[in-house]
Amino acid sequence: MRPSGDILDEFYALADLDSKKRTDAVSRLLMKVENGRANAIGRHLLVSAICRSKMYSEANVVLLEHELEIYRACPSLGMSVAQQMAELISEIDKKTFKSQVLPLIRDYLDSALTRSSVEFVYLALLVKDHVIEKWCTSGDESKVLERIFDTAKLTLSNSSEAHKEILVVFSPFLLKRIVQVAHGKRNAQNRILRDKIADFCKFVEDFLSLTEDSDLLEVIETLDTTENFDSLTGSNLIGHLIGRLSREGVAKWIQTAGKPWSFGHICTAFPHWSNDAKVEALSALLHRAKSEQLQYAVGNCISCLFKMKVRAGAFVSASLVEGGEDVLRQVVTTAFGKHVVKSAMKKLDGSVCYKGTLMVFWMCLNLWSKVASSNQMSRGYYNNAEELLMVVEGGEESLTVLLDQLMALLSQPLKYHRTVVYYVFVHLLEYIKDEHIAHIIQTLMMNDDELVEEQESDANSSSNGDNGKFIHIQNLSICVDEHADDKGSESDSFGNDEAMDCETIDRLETSLGSAAVKRKGGTVDEEELADLLLFALSSLSTPASVKVHMIIPLLKLAKLQLKQSSECDNYRKTMSLLKIISHLKKIHLADEEVVSLLDQLVQECIGISNPILASVAATLSSFIFSLGMSSDGVHPETVLSAFIGLFERFMTQEDGLIGSDLAVAAVVKHPEAFVSKSKVFLKAAFNENYRIFRRTAALMCLSTIMSRKVLQKVPVEKSVVKGIAKLSSQYFVASLAQPETIKPRFFASVLKLLVSVASGVPGEYKVRFFFLKD
């Protein structure tokens, strides 16, 4: 169909030499083209053709208005319209855009994300230089940050200038908003915004993964200015970016890291640095003025050089990270001189017992001494390091002295001691003895008064005797700060500590020997000392006899803790240690040791009424029985007689102090071993002189022994089967004659016994012995 003459005239006017006439012709032409969906494509193509000619720039705003009309008429052309509008906007200066164009498209941009208007998100990205900031920062306050982050994720590129784009995103406006959120009320909306900020920081961290040192430093210095950026954002962005620096980058950054929160960044980044960078950082820190923050930072960095793996009761490993010992040696050599390190190494590494362990401990003590926040603390660490030289001369005999040092350090409110102490202790387990474990448990059992008495005793002995060769622990004065929350990380613990009272400090400073193992909040830090016991039980290096002989001391400790509270964590941990012992395998003791251990267990369990503790004690009883078993599964008569004696004591006792669980646990756990003693249980079960509940326990033992599974392995004497048949028959006859005398539980146990025997004994026994007569 041929266009009308009016439209053709306007086409002629488009070629006019006068630019104003051309612009007017564009406007008239587009107005004369019919509106509607059917003509939308034609109108859009017409606008595109006019734009491509580059001859009608004065009409760009008009063309934009018509493109919006086309979009409203035919939304399916949205992406093409957005592309065309972006080309038009790129030719419009910012002043014209702000005054004439932005009012036209503002509503579309504001609702682009909330209404999933993909074409206008696309438009915003194409013309970001004109609209991004205006669009992102307008509208509902709660949506501003979300819009900024979503837009930034879409617009950031992976170019060599990526870090500059990040700095553009973190404009003063955005940083101000982040500060407002961080210091705002802790309401639901702010919590959501804080999560979004932390998520975006994680995105930025990943986005800058390949950035070079110089660019990382620029980002770090820009963001981490007046306040701790990581604290404000609830992220570890700065700490992790610092962790990516090379040795050279660390050297540059640490010279300017003088802000109060910089120590926190060091602790966060330290595990991620190369060994050269770690040496650089520690060496630089040692030259700083002493302070509590510096002490904690260096202590936590040293702690990061150690690692531990523990599987309760099965495995424990304590070691330095790869290259960790070299890091310590280089730093100590730089700080104290090569000749000092060589001299100490010659003395400490000469002991077969302590191998290289004491050298590592010596280096840590000296570094702690170097950064201690007070002269007295520094002397305390230094004296402990010097004492190691005397410890090594004493060999295994001086292990108790070293153990006192370790426990004293563990008791202090400085968390960075722990990994070093654990490392030393685990490496000494090969030489640990019963008295050393008893020493730890004895310390756990002491109350404050006993500790004070021991302190005075140690002080007197150290001043009057032994030629002053060994003092259990030197005066290790502890400063000012209470331990951080145990759930926090080692790297950030130093910033959250609370001041200790002067009285506590004085007591700690004057402590000697095991009295130095002071109590936090009125109690020994039992959790950390109990960790030492856990390591001893879990290590394959610990002598088996030492593990077994922990039973009685731990049982005493559990009873003491139970008197204080059955709900306390320390009691639960002690019970866990006892359970670990009861599951140990492949341990054998001499018959005399087994009998002696059983006697001690029985003596310690007399009068226990707590059902959980009684149950654990019973499990330990069966464990002790297994210790006497030979490699071919045979139990010696001496051990059998001891446990039968325990059962008979239980049956005949008048005071009721021996519990049934303890008396029968070994029989229930190892019934095959007691088949030869079946008559003992049979006679006890049907002896009317015994109390009925004890007779019921005897029946339970006999039923277990007479089960098919047991009798398939160990044959039973015919006389036992005959005796069961006879006594059971007599019992049933008497019971039926006097039904009112029946004890239901005992009656049921007799029936259970008959069922066990009927299913377990050979077939010829059943016909001969189980025909019950009236």
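# A guided tour, starting at helix α23

Select residues 375-394 to begin. This is helix α23, and its 20 residues at 1.5 Å each should span 28 Å; the C-alpha atoms at its two ends lie 29 Å apart, so the expected and modelled spans agree. Keep in mind throughout that you are looking at a predicted model.

**Stop 1: around α23**

Stay on α23 and colour its buried residues: Met-377, Ser-378, Gly-380, Tyr-381, Asn-384, Ala-385, Glu-387, Leu-388, Leu-389, Val-391 and Val-392. What do these buried residues pack against? Show α19 (292-303), α21 (338-348), α22 (357-371), α24 (399-410) and α25 (417-428), and you have the answer. Before leaving, click on Gly-395, just after α23, where phi is positive at about 60°.

**Stop 2: Thr-357 in α22**

Now move to one of those packing partners, α22, and select Thr-357, which lies in this helix. Is Thr-357 buried or exposed? Its relative accessibility is 5%, so Thr-357 counts as buried. Setting aside neighbours within four places in sequence, Thr-357 is in contact with Tyr-423, Val-424 and His-427.

**Stop 3: an aromatic pair on α25**

Next, select Tyr-422 and Phe-535. Their ring centres are 4.9 Å apart and their planes stand at 80°, so this is an edge-to-face pair. Tyr-422 belongs to helix α25 and Phe-535 to helix α29 (residues 526-538), so the pair ties together parts that are 113 residues apart in sequence. Both Tyr-422 and Phe-535 are buried. The protein's count of aromatic pairs comes to 22.

**Stop 4: step back**

Zoom out to see the whole protein. How many helices and strands are there? The protein has 42 helices and four strands. It has 774 residues, and 50% of them count as buried. Turn on the surface: the accessible area is about 36900 Å², with 51% of it belonging to carbon and sulfur atoms. Of the contacts between residues at least 6 apart in sequence, 71% join residues at least 24 apart.

**Stop 5: salt bridges**

The count of salt bridges comes to 13, and you can visit a few of them here.

- Select Glu-218 and Lys-164, whose side chains meet in a salt bridge at 3.8 Å, N to O. This pair links distant parts of the chain, with Glu-218 in helix α13 (residues 213-223) and Lys-164 in helix α10 (residues 162-169), 54 residues apart. Glu-218 has 29% relative accessibility, so it counts as partly exposed; Lys-164, at 38%, is partly exposed too.
- Go on to Asp-569 and Arg-572, a salt bridge whose closest N and O atoms are 3.1 Å apart. These two residues sit three apart in helix α32 (residues 569-582), which means that about one helical turn separates them. Asp-569 counts as exposed at 60% relative accessibility, while Arg-572 is partly exposed at 39%.
- Then pick Lys-679 and Glu-717, whose side chains form a salt bridge at 3.6 Å, N to O. Here again distant parts of the chain are linked: Lys-679 is in helix α37 (residues 678-685), and Glu-717 is in the loop between α39 (708-711) and α40 (718-737), 38 residues apart. Lys-679 is partly exposed at 37% relative accessibility, as is Glu-717 at 46%.
- Finish with Glu-325, Asp-326 and Arg-329, which salt bridges with shared partners join into one network.

**Stop 6: a loop residue**

Select Lys-586, in the loop between α32 and α33 (591-605). What is its phi? Lys-586 has a positive phi of about 60°, although this residue is not a glycine. With a relative accessible area of 89%, Lys-586 is exposed.

**Stop 7: rings and charges**

For the last stop, select Phe-625, Phe-643, Phe-647, Phe-650, Phe-674, Phe-681 and Phe-693 together: they form one aromatic cluster. Which charged end sits over the ring of Phe-650? Add Arg-694 to your selection, and you will find its charged end over that ring, 5.8 Å from the centre. Then select Arg-695 and Phe-746 for another such arrangement, in which the charged end of Arg-695 sits over the ring of Phe-746, 4.5 Å from the ring centre.

Definitions and conventions:
Residues numbered from 1 in each chain as written. Predicted model: local features only at pLDDT ≥ 70, side-chain atom pairs only at ≥ 80, totals over all residues. Heavy atoms only, no water. Expected span 1.5 Å × (residues − 1). Buried < 20%, exposed > 50% of the residue type's maximum accessible area, 1.4 Å probe, protein only. Contact = heavy atoms within 4.5 Å. Areas by Shrake-Rupley, 256 points an atom, 1.4 Å probe, with all protein chains shown as cover. Salt bridge = Lys/Arg side-chain N within 4 Å of Asp/Glu carboxyl O. Phe/Tyr/Trp six-rings, centres within 6.5 Å; stacked < 30°, edge-to-face > 60°. Lys NZ or Arg CZ within 6 Å of the ring centre and 35° of its normal.
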